[in-house]
Amino acid sequence: MLLRGTISNPLPSLHLKTPLRLRSYAPTATTITNKCSISDEDLESRGFLLRRTISNLNLDHLNSVFVAVGFPKRDPEKIKLALENTNSLLWVEHKKTQKPVAFARATGDNVFNAIIWDVVVDPSYQGIGLGKAVMERLVQELLKKGIVNIALYSEPRVLGFYRPLGFVADPDGIRGMVYSRKQKKRK
Ligand SMILES: CC(C)(COP(=O)(O)OP(=O)(O)OC[C@H]1O[C@@H](n2cnc3c(N)ncnc32)[C@H](O)[C@@H]1OP(=O)(O)O)[C@@H](O)C(=O)NCCC(=O)NCCS
């Protein structure tokens, strides 16, 4: 499915399916600056384009990336709806194939709070700075809007990825709590 359009702003209703365990808060301004570790130009010279809207984002390809990293396969129609209800998103297009190879998005109230979801990099493109490139830009965009309370859920094995970006676990002893209804297995 190929989407053409822009992001609208209503509140999200996406249900978290992956068991993530940690809630992290507000990256410090010193960690996320206006300077990214890799510039848009450098990314382009390496064959990658940064995209900030869902125009030309092929949702079937995005779904394949989700599945490739171990997220459950989701109904493309529901992904479409979730993305339409997403405030900020970033994805990286591989110029040669036009496929998405990295993605992250944030939902929230667009004033005080945001939660980052679905941070993924296609396994074939991991370890070359795309995850960091997407996260740095997404957080910068949220900070520019004046949003200072930025949370995410992290799987334990990925904590080391988020920490250098300024995220901390259990800030001031605050613990995240999640009500997550178990999904019935499909037959
Ligand atoms: C986690 C993920 C988004 C990282 O993306 P990536 O493009 O491979 O990471 P990058 O190449 O941008 O790495 C940036 C830095 O983080 C480090 N890093 C990457 N993954 C890490 C991990 N799991 N643990 C600790 N450090 C990690 C890198 O070594 C690099 O360090 P450097 O800046 O000192 O060189 C990607 O591996 C992924 O999609 N994983 C599967 C899905 C997932 O778990 N998503 C997160 C859900 S909570």
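**Exercise 1. Find the residue just after H4 that takes a positive phi, and then describe the helix itself.**

Solution. Gly-146, just after H4, takes a positive phi of about 90°. Helices (H or I, at least four residues) and strands (E, at least two) are DSSP runs, numbered from the N terminus. The model is a predicted one, in which local features need pLDDT of at least 70, side-chain atom pairs count only at pLDDT 80 or more, and totals for chains, interfaces and linings use all residues. Residue numbers start from 1 along each chain as its sequence is written.

Next, the helix: H4 covers residues 130-144, 15 residues in total. From first C-alpha to last, H4 reaches 21 Å, close to the 21 Å expected at 1.5 Å a residue (the expected span is 1.5 Å times one less than the number of residues).

**Exercise 2. Work out what H4 gives to the largest nonpolar core.**

Solution. Start with burial. Buried residues of H4 include Leu-130, Val-134, Leu-138 and Leu-142; buried means 20 or more other C-beta atoms, placed from the backbone, within 10 Å of the residue's own, while exposed means 12 or fewer and partly exposed lies in between.

Now the core, a set of buried Ala, Val, Leu, Ile, Met, Phe, Trp, Tyr and Cys residues joined through C-beta atoms within 7 Å. The largest one has 35 residues, and Leu-130, Val-134 and Leu-138 are among those with the most contacts inside it. H4 gives the most to this core, with 7 residues.

Finally, pick one residue. Leu-138 touches Ser-88, Leu-90, Ala-104, Ala-106 and Ile-116, not counting residues up to four places away in sequence (contact: C-beta atoms, placed from the backbone, within 7 Å).

**Exercise 3. Trace the partners of strand E5.**

Solution. First, E5 is mostly covered, with 6 of its 7 residues buried. On one pairing, E3 (residues 48-51) runs antiparallel to E5 through 4 bridges, and Leu-50 has Val-92 as its bridge partner in E5. E5 also pairs with E6 in the antiparallel sense, over 7 bridges; strands pair if DSSP finds at least two bridges between them. Trp-91 stands opposite Phe-103 in E6. In the hairpin of E5 and E6, 4 residues lie between the strands, and Gln-98 takes a positive phi near 65°.

**Exercise 4. List the residues closest to the ligand.**

Solution. Of the 18 residues that surround the ligand, the closest are Gln-126, Gly-131, Lys-132, Gly-160 and Phe-161 (near: C-beta atom, placed from the backbone, within 6 Å). Then look at the elements: E7, H4 and helix H5 (159-162) each supply at least two residues of this shell.

Note on methods. Contact = placed C-beta atoms within 7 Å.
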